[in-house]
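Open the model in your viewer and keep the selection tool at hand. Each stop below tells you what to pick and what is there.

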Amino acid sequence: MDPDSGAYLKRSHITKIAFFTTLAFSAFYFYKEHRNAQNARMKMAVKKDSSTVIMASLPREDKETSLRKKKKKKTIYITFDDGPNKGTKNVLDIINDEKIPATLFVIGEHVYGSKLQADVYDSVRNSAYVELANHSFTHAHNKFAKFYSVPGGVVNDFKRCADSLTLSSNIVRTPGRNIWRLNDIKQTDNHLSKDAADALQKNGYIVMGWDLEWHFNDKLQAIQSPELLATQIDSMFVHNRTKTTDHLVLLAHDQVYSNAKDSSSLRNLVSKLKGKDEYDFAFINSYPGIEKMPLGDSSLLKK
Ligand SMILES: [Zn+2]
C-alpha cells in the first residue's frame with residue numbers, strides 16, 4: 001500500500017466532512033432567516049389590525065356591547081299635556097313601571113277640578129320619573145285667539161298657575177299653540193300669538209313646543225298606532241327634522257290614556273323605544289339651550 005494513499009484518503013475525507021458541514025450550517029442559517037422574516041410579517045399584520053384581533057377574541061355578548069357603546073345616543077323627551085285628568089293615573093303608572101322620565105305640562109284649574117284630580121296630582125308630584133311644568137291656569141278656556149290677543153293676560157295666566165301650584169320650573173307650554181322661545185330657537189305657529197310668546201319670554205319663561213304629536217280623535221282615542229309612531233320618530237331623526245339634531249320632543253295628552261286600549265298602546269310605544277339602543281329619555285329641563293334655574297326659586301321670574 002502506498003504510504004501516501006492513507007494520507008490522501010484522510011485529506012479527501014476531511015475535505016468531504018468540511019464541505020457537508022458547511023452545507024448543513026448554510027441550510028440551517030437560511031431556514032432560520034426565512035422563519036424570522038415570516039414571524040416579523042405576521043407581527044406586522046397583527047399590529048395593523050389589532051382591533052379586529054381583539055374583537056375576534058371577545059365573546060359574542062361583549063362584542064355587541066362594545067359596538068353599542070360606539071353608537072351615538074339620540075334623546076327623546078316624552079311630554080304629556082292637560083293633566084291632571086282621567087288619564088293621568090294610567091300615564092303615571094306606566095312611567096313609574098317603565099322607569100322613564102316624562103314631563104307633565106299641567107293645567108292649574110284641573111288640579112282643583114275634583115278630589116280625584118287633586119289626589120292624582122299629589123302622586124304625580126311624588127314620582128321621581130315626573131318633571132312638572134306649566135300649561136297655564138285656564139288653558140285659555142279653549143278660546144285661543146282671544147286669549148293670545150292680550151299678551152299681559154297670557155303672562156298673568158301662567159304666573160297664576162305657577163303660584164297656585166308652587167311650581168319650581170319656569171318651563172311652560174302654550175295651550176293650543178306650538179310655540180318655541182329658547183335662547184336659540186324662536187318659532188310661533190300662528191303669527192297672532194307672537195306678541196304673547198315674546199311677552200312670556202321677556203318675563204323669564206322658557207316656552208317649549210314639540211317636534212311630533214301623538215294625535216287623538218274626538219272620542220279621545222290615539223290616532224297613530226304605537227308601531228306607526230315609532231316609525232315616525234325614527235324617520236324624524238334619520239331626516240333631521242327635529243328642532244335640535246338628535247333631540248326629539250314628543251307631545252301626548254293624558255286624557256287619551258284613560259282607556260285600556262290606549263294605555264296599552266302607550267306601554268307598547270315606550271317598550272319599543274326602550275328596545276332601541278340608540279334612544280335615551282330625558283326631562284325637558286335637560287333639553288339643549290334650556291337655561292337652568294334653581295329649583296324652588298320662582299322669585300327669579302321677572303315681574
Ligand atoms: Zn293643552
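The tour goes through a helix pair, some strands and a few loop residues.

**Before you start**

This is a predicted model: local features need pLDDT of at least 70, side-chain atom pairs count only at pLDDT 80 or more, and totals for chains, interfaces and linings use all residues. Residues are numbered from 1 along each chain as its sequence is written. Helices (H or I, at least four residues) and strands (E, at least two) are DSSP runs, numbered from the N terminus.

**Stop 1: α4 and α11**

Select residues 88-98, helix α4, and residues 260-274, helix α11. Their axes come within 10 Å and cross at roughly 25°. Axes here are lines fitted to C-alpha atoms, for helices over the stretch in contact, and angles run from 0 to 180 degrees between N-to-C directions. α4 and α11 are therefore roughly parallel to each other. The angle classes are: under 35 degrees roughly parallel, over 145 roughly antiparallel, 65 to 115 roughly perpendicular, the rest oblique.

The crossing of α4 past α11 is right-handed. That term applies if the near helix is turned clockwise from the far one by less than a right angle; anticlockwise is left-handed.

Now show side chains. Which residues meet across α4 and α11? From α4 come Asn90, Ile94 and Glu98; from α11 come Ser263, Leu266, Arg267, Val270 and Lys274. Contact means C-beta atoms, placed from the backbone, within 7 Å. By class, this contact has three nonpolar, two polar and three charged residues. Ala, Val, Leu, Ile, Met, Phe, Trp, Tyr, Cys and Pro count as nonpolar, Asp, Glu, Lys and Arg as charged, and the others, Gly among them, as polar.

**Stop 2: the buried residues of α4**

Stay on α4. Pick Thr88, Lys89, Asn90, Val91, Leu92, Ile94 and Ile95: these are its buried residues. Buried means 20 or more other C-beta atoms within 10 Å of a residue's own, exposed means 12 or fewer, and partly exposed is in between, with C-beta atoms placed from the backbone. The buried residues of α4 pack against β1 (74-83), β2, α6 (115-125), β3 and α11.

Look at both ends of the helix. Lys99 follows α4 and has a positive phi, near 55°. Pro84 lies in the loop between β1 and α4. The peptide bond from Gly83 to Pro84 is cis, with omega near -5°.

**Stop 3: β3 and β2**

Select residues 130-134, strand β3. Five of its five residues are buried. Both faces are covered: Val130, Leu132 and Asn134 on one side, Glu131 and Ala133 on the other.

Add residues 102-106, strand β2. β2 and β3 pair in the parallel sense over five bridges. Strands pair if DSSP finds at least two bridges between them. Click Leu104, then its bridge partner in β3, Leu132.

**Stop 4: the loop after β3**

Select Ala140 and His141. Ala140 is found in the loop between β3 and α7 (144-148), and His141 lies in the loop between β3 and α7 too. Phi of Ala140 is positive, near 60°. Phi of His141 is positive, near 50°. Are they buried or exposed? Ala140 is partly exposed, with 19 other C-beta atoms within 10 Å. His141 counts as exposed, with 10 neighbours.

**Stop 5: Pro175**

Go to Pro175, in the loop between β4 (171-172) and β5 (179-181). It counts as buried, with 22 C-beta neighbours inside 10 Å. Beyond residues up to four places away in sequence, Pro175 touches His135, Ser136, His139, Ala140 and Phe144. Set a distance from Pro175 to Phe137: 38 residues apart in sequence, 10.0 Å apart C-alpha to C-alpha.

**Stop 6: β9 and Lys243**

Select 247-253, strand β9, and add Lys243 in the loop between α10 (226-238) and β9. Six of the seven residues of β9 are buried, so the strand is largely enclosed by the rest of the structure. β1 runs parallel to β9, joined by seven bridges. Thr75 stands opposite His247. Strand β8 (residues 212-213) also runs parallel to β9, with two bridges. There, Glu213 stands opposite Leu251.

Finish on Lys243. This residue is partly exposed, with 19 other C-beta atoms within 10 Å. Lys243 touches Trp180, Ile185 and Asp211, not counting residues up to four places away in sequence. Trp210 is 33 residues from Lys243 in sequence and 8.5 Å away in space, C-alpha to C-alpha.

Key: Contact = placed C-beta atoms within 7 Å.
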